[in-house]
Amino acid sequence: MRSLIVEDDALARMLLLSILSRYGECDVVENGEEAVQRVSSSLEEDTPYDIMCLDIVMPILGGQEALSQIRSIERGRGIKEHKLLKVIMVTAIEDFDNIMQAFEGGHCEAYLAKPVREEELLEHLYDLELIKEMPQQKDNVREQR
Amino acid sequence: MLTDAQIDVMIESSAESLKSTLLLLQKATENSYNFKEISVQRHRLKGVLLNMGENGWVEIVRQMEKSASKKEHKKYSSIVESLHVGMADILLFGHGDE
């Protein structure tokens, strides 16, 4: 699985990277403009991403605008519906307007509410058939010294 | 299970996120208020605090959002200062080793 994390916050980037990097190559960018460039390059090089975790509120170019541009690029390249990049929007849980806008536009497949929870992300990956099975739930606590 | 090294990275990332967001929020409140930037940084701060599990502070940021909707921006500086004090352990993480 090839993943792209688009997130301006260092902690969220690290959390998402720690989960997604277990399943394959994982690239990280910090704003929507970089995301559009990365996705465009990946299509040109015929190494498309399987999943993109996309923050909504970011500097330079926000997630909604970036996703709109990415979908436009995909349409321009004649990519079929089932081959479109799968997108999980990442945002604060009460950000309903932004979430609904992304869904209603048909631009994203799922959303992930902050705080980022591993099990929730993995469920999305499983539902999107990007991972074959849900791993055993882990107890994320500090190891005894 | 997370290792000590992984947890250290998480705390460092938290500190980095928190520092940069508080700095940008503080800047946005200085001089004439940059309301758009305040809104972006307030939203970002909420995300950082949610990921840190700091639900009490998240509630305070939500109150900031409510006051913003009423154009009551004068309390920002004191809230940012409170966050600096309340999050001092994380913001200063690693500095004791220097």
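I began with Phe35(B) in this predicted model. Phe35(B) has 13 C-beta neighbours inside 10 Å, so I noted it as partly exposed; buried would take 20 or more. I placed Phe35(B) in helix α2 of chain B, which covers residues 35-52. I then checked Phe35(B) against Asn55(B): they are 20 residues apart in sequence, and their C-alpha atoms are 24 Å apart in space.

Next I turned to the sheet of chain A. I found an open sheet of 5 strands with parallel pairing, in the order β2-β1-β3-β4-β5. I looked for the edges: β2 (26-29) and β5 of chain A stand there, each with a single partner strand, so one side of each has no neighbour in the sheet. From one strand to the next, the twist averages 20 degrees.

I went through the pairings one by one. Strand β1 (residues 3-6) of chain A runs parallel to β3(A), and 4 bridges join them. I picked out Ile5(A), whose bridge partner in β3(A) is Cys53(A).

I then looked up the helices on the sheet. I saw α3(A) packing on the sheet, with contacts to β1, β3 and β4 of chain A, and its direction makes about 145 degrees with that of β3(A). Helix α4 (residues 96-104) of chain A also packs on the sheet and touches β4 and β5 of chain A; I noted about 170 degrees between its direction and that of β4(A).

Back to the strands. I listed β3 (residues 51-55) of chain A as parallel to β4(A) over 5 bridges. Met52(A) has Val87(A) of β4(A) as its bridge partner. I traced the connection too: β3(A), helix α3 (residues 63-76) of chain A and β4(A) make a β-α-β unit, and it is right-handed.

On the other side I checked β4(A) with strand β5 (residues 110-114) of chain A, and this pair is also parallel, over 5 bridges. Here I noted Val90(A), with Leu112(A) in β5(A) as its bridge partner.

I asked why β4(A) is largely enclosed by the rest of the structure. The strand spans residues 86-92 of chain A, and I recorded it as largely enclosed because 6 of its 7 residues are buried.

Last, I looked at helix α1 (residues 10-20) of chain A. I marked this helix as mostly covered, with 8 of its 11 residues buried. The buried ones in α1(A) include a run I wrote down as Ala10(A), Leu11(A), Ala12(A), Arg13(A), Met14(A), Leu15(A) and Leu16(A), and Leu20(A) is buried as well.

Methods
Residues numbered from 1 in each chain as written. Chains lettered and ligands numbered in written order. Predicted model: local features only at pLDDT ≥ 70, side-chain atom pairs only at ≥ 80, totals over all residues. Helix = DSSP H or I, 4+ residues; strand = E, 2+ residues; numbered from the N terminus. Buried ≥ 20, exposed ≤ 12 C-beta atoms within 10 Å, placed from the backbone. Pairing = 2+ DSSP bridges. Right-handed = clockwise from strand over helix to strand, strands pointing away. Axes fitted to C-alpha atoms, helices over the stretch in contact; angles between N-to-C directions. Contact = placed C-beta atoms within 7 Å.
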